[in-house]
Amino acid sequence: MMRDGYVVTWRGREYDASPDGDSVRIYAPEPGEGFDEVRPGRYVRALRTGEYEDLVYVRTTCTWRGQPFIVLAEADAWLRVEYTGGRAPIARQLGLEEFDYGVYQGWAPAHEVNDLYEHRI
């Protein structure tokens, strides 16, 4: 599983999270005590500061075709990647689309991606 976002450890388990002032919303794919269903397969619970053990930002990085990337998502055998090398000619040469000014993204076949590493900030 590729992750890019906040993660909270609560009661010994990690949850995708969204900080919101003095609280943090945690998300689960199944129902649980104190969780409300926001849509099928998505449950949310708000926690106050001090109710959870840890809040970190998780980012997955990799190399593809010898260049550095952040992994944003995965679908089937593909990874959505964002180029972090800062060189527009190389990004274009790799066939990436300019998602925003100077921000290049694309889909990479998962079997071509190397050096996957999860950073916890």
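Which strand holds Asp115? Asp115 lies in strand E11, residues 113-120. The close-ups below come from a predicted model.

**View 1. Asp115 in strand E11, with a positive phi.** Phi of Asp115 is near 55°. That is a positive value in a residue other than glycine. Asp115 is exposed, because its relative accessible area of 57% is over the 50% cut-off.

**View 2. Asp76 in the loop between E7 and E8.** Asp76 also carries a positive phi, near 55°, and is not a glycine. The residue is exposed, at 83% relative accessible area. The loop that holds Asp76 connects onward from E7 to E8, and strand E7 spans residues 67-75 while strand E8 spans residues 78-83.

**View 3. Phe69 and Tyr83, a tilted aromatic pair.** The structure holds 6 aromatic pairs. In this one, the ring centres of Phe69 and Tyr83 lie 5.6 Å apart, with 55° between the planes. The pair links distant parts of the chain. Phe69 belongs to strand E7 and Tyr83 to strand E8, 14 residues apart. How large is the relative accessible area of Phe69? The value is 1%, so Phe69 is buried. Tyr83 is buried too, with a relative accessible area of 6%. Both values fall under the 20% cut-off for a buried residue.

**View 4. The aromatic cluster of Trp10, Tyr15 and Phe35.** These three residues, Trp10, Tyr15 and Phe35, form one cluster. Trp10 is part of strand E1, which covers residues 4-10.

**View 5. Arg42 over the ring of Tyr27.** The charged end of Arg42 sits over the aromatic ring of Tyr27. The distance from that charged end to the ring centre is 4.1 Å.

**View 6. Ala75 and His111, apart in sequence.** Ala75 is located in strand E7. At 33% relative accessibility, Ala75 is partly exposed. His111 is 36 residues away in sequence. In space, the C-alpha atoms of Ala75 and His111 are 13 Å apart.

**View 7. Confidence along the chain.** The mean pLDDT of the protein is 94. Of its residues, 99% reach 70 or more. Which element has the lowest mean pLDDT, and which the highest? Strand E1 has the lowest, at 93. Strand E10, residues 103-109, has the highest, at 97.

Methods: Residues are numbered from 1 along each chain as its sequence is written. This is a predicted model: local features need pLDDT of at least 70, side-chain atom pairs count only at pLDDT 80 or more; totals for chains, interfaces and linings use all residues. Side-chain values use heavy atoms; hydrogens and water are left out. Rings of Phe, Tyr and Trp (its six-membered ring) pair if their centres lie within 6.5 Å; planes under 30 degrees apart count as stacked, over 60 as edge-to-face and the rest as tilted. Helices (H or I, at least four residues) and strands (E, at least two) are DSSP runs, numbered from the N terminus. Buried means under 20% relative accessible area, exposed over 50%, partly exposed in between (1.4 Å probe, protein chains only). A charge sits over a ring if NZ of Lys or CZ of Arg is within 6 Å of the ring centre and within 35 degrees of the ring normal. pLDDT is the predictor's confidence in each residue, from 0 to 100.
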